[in-house]
Amino acid sequence: MRWVRDYVPQPEQTRLYRTAMLITLGGNLLLATGKGLVAWITHSAAIYADAANSISDVVYSLLMVVGLYMAIQPPDLSHPQGHARFEPLVGLIVTLSMAFAGYEAARNAVVRFAAGGASVEMGLPMYVLLASAAIKFGMFLVISRIGKKLNSPTLTTTATDNLSDVLTSVAAFIGVVLSSLVSPLADPIAGLLVAAWIFKQVYSVGKENLGFLTGKGASMEEVQKFVAAAESVPGVLRVHHIMSEYVGPKLILDLHVNVAGETTLSNAHTISDNVAARLKEFPEVDRVYVHMEPDDWTD
Ligand SMILES: [Zn+2]
Ligand SMILES: [Zn+2]
């Protein structure tokens, strides 16, 4: 008797996850420390606000390390099907941190609008902001590449957060330049635009991670593709019932498949294994349950 699902160690994946965790935690720690120091030296309000954002990034990085560590653990008696749901859970936490950054960006823009002043002082504070944007952009490039390779909702969400931090800094820079050249309103307007962009991202990544946690189904086109693949397996008459469900970033498929009523159990078993193997060729499919039924059975 076996109690947990088969597990094949994936050393390359584990290595990529480690790299992503190290870059995210290390990068955010470096940024929080650097900005904290510069804020302390220059008393720049803008750098103080940015340092606060970096500290909240460090907090989610720590949670992300714990969450991803859990997510890549082999299946065990406590989680016999594996730990994939930890991924979108951490993704949701990162989303909350993004929402906080968006709220701060909007609040700062409103405060600056009321005060009528530009946000970032020229000189050291501005260089720090631009250097931090450059580092975050590098983090965005690496993390989004690894996230796509691993199909990891935690990492793609983290990459989106990196990009939103880049835009916040760049908008602060453009705002300062334009407010001296065009109008002092340019700065708060740039801040509000970035806040709006961040909230749009919060909505879409939040929705995606929630779907992975709550058992959302695949799109109709995808389901049709799975039905066609299952019906192409020799011995399968038709598929009359199919349900899909995201468990973590991958799908469970539950199919009712008709085969000829006189098929022997051995042959039916082979057909069932072939259907499962065919469907698992799709990278988005994690596991497949096949229920065999005779001839015209439709229940
Ligand atoms: Zn079997
Ligand atoms: Zn049925």
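**Exercise 1. Work out whether His-240 is buried, partly exposed or exposed, and do the same for Glu-293.**

Step 1: get the cut-offs straight. Buried means under 20% relative accessible area, exposed means over 50%, and partly exposed is in between, using a 1.4 Å probe and protein chains only.

Step 2: apply them. His-240 has 23% relative accessibility, so it counts as partly exposed. Glu-293 comes out at 6%, so that one is buried.

A word on the input before going on: this is a predicted model, where local features need pLDDT of at least 70, side-chain atom pairs count only at pLDDT 80 or more, and totals for chains, interfaces and linings use all residues. Residues are numbered from 1 along each chain as its sequence is written, chains are lettered from A and ligands numbered from 1 in the order in which they are written, and side-chain values use heavy atoms, with hydrogens and water left out.

**Exercise 2. Find the donors of the zinc ion (ligand 2) and place them along the chain.**

Step 1: pick the donors, meaning N, O and S atoms within 2.8 Å of the metal (3.2 Å for Na, K and Ca); water is not among the atoms, so sites may look incomplete. You should land on His-240 (NE2), His-256 (ND1), Glu-293 (OE), Glu-293 (OE) again and Asp-299 (O), at 1.8 to 2.6 Å.

Step 2: write the spacing of the donor residues, which is H-x15-H-x36-E-x5-D. His-240 in strand β1 and Glu-293 in strand β3 (residues 285–294) are 53 residues apart, so this pair links distant parts of the chain. Strands here are DSSP E runs of at least two residues, helices are H or I runs of at least four, and both are numbered from the N terminus.

**Exercise 3. Describe how β1 and β2 pair.**

Step 1: count bridges; two strands pair if DSSP finds at least two between them. β1 (residues 238–247) and β2 (residues 250–259) run antiparallel and share nine bridges.

Step 2: look at the register and the turn. Met-243 sits opposite Asp-254 in β2. The two strands make a hairpin with two residues between them, and Gly-248 in the turn has a positive phi of about 70 degrees.

**Exercise 4. Check the length of α4 against its expected span.**

Step 1: the expected span is 1.5 Å times one less than the number of residues. With 27 residues, α4 should span 39 Å.

Step 2: compare. The end C-alpha atoms of α4 are 39 Å apart, which agrees. Just after α4, Asn-151 takes a positive phi of about 50 degrees.

**Exercise 5. Characterise the largest cavity and the largest pocket.**

Step 1: define them. On a 1 Å grid over the protein atoms alone, a cavity is a set of points where a 1.4 Å probe fits but cannot get out; a pocket is an open set with protein on both sides within 12 Å along at least five of seven lines; lining residues have an atom within 4 Å of a point. Points are joined across faces, edges and corners, and a volume is the space filled by probe spheres set on them.

Step 2: the cavity. The search finds one of 30 Å³ or more, and the largest holds about 40 Å³. Its lining includes Lys-35, Asp-50 and Asp-165, and α2 gives the largest share, four residues.

Step 3: the pocket. The largest has about 1,100 Å³ of space. Its lining has 36 residues, with Arg-5, Tyr-7, Gln-10, Lys-250 and Asp-286 nearest the centre. β3 supplies the largest share, five residues.
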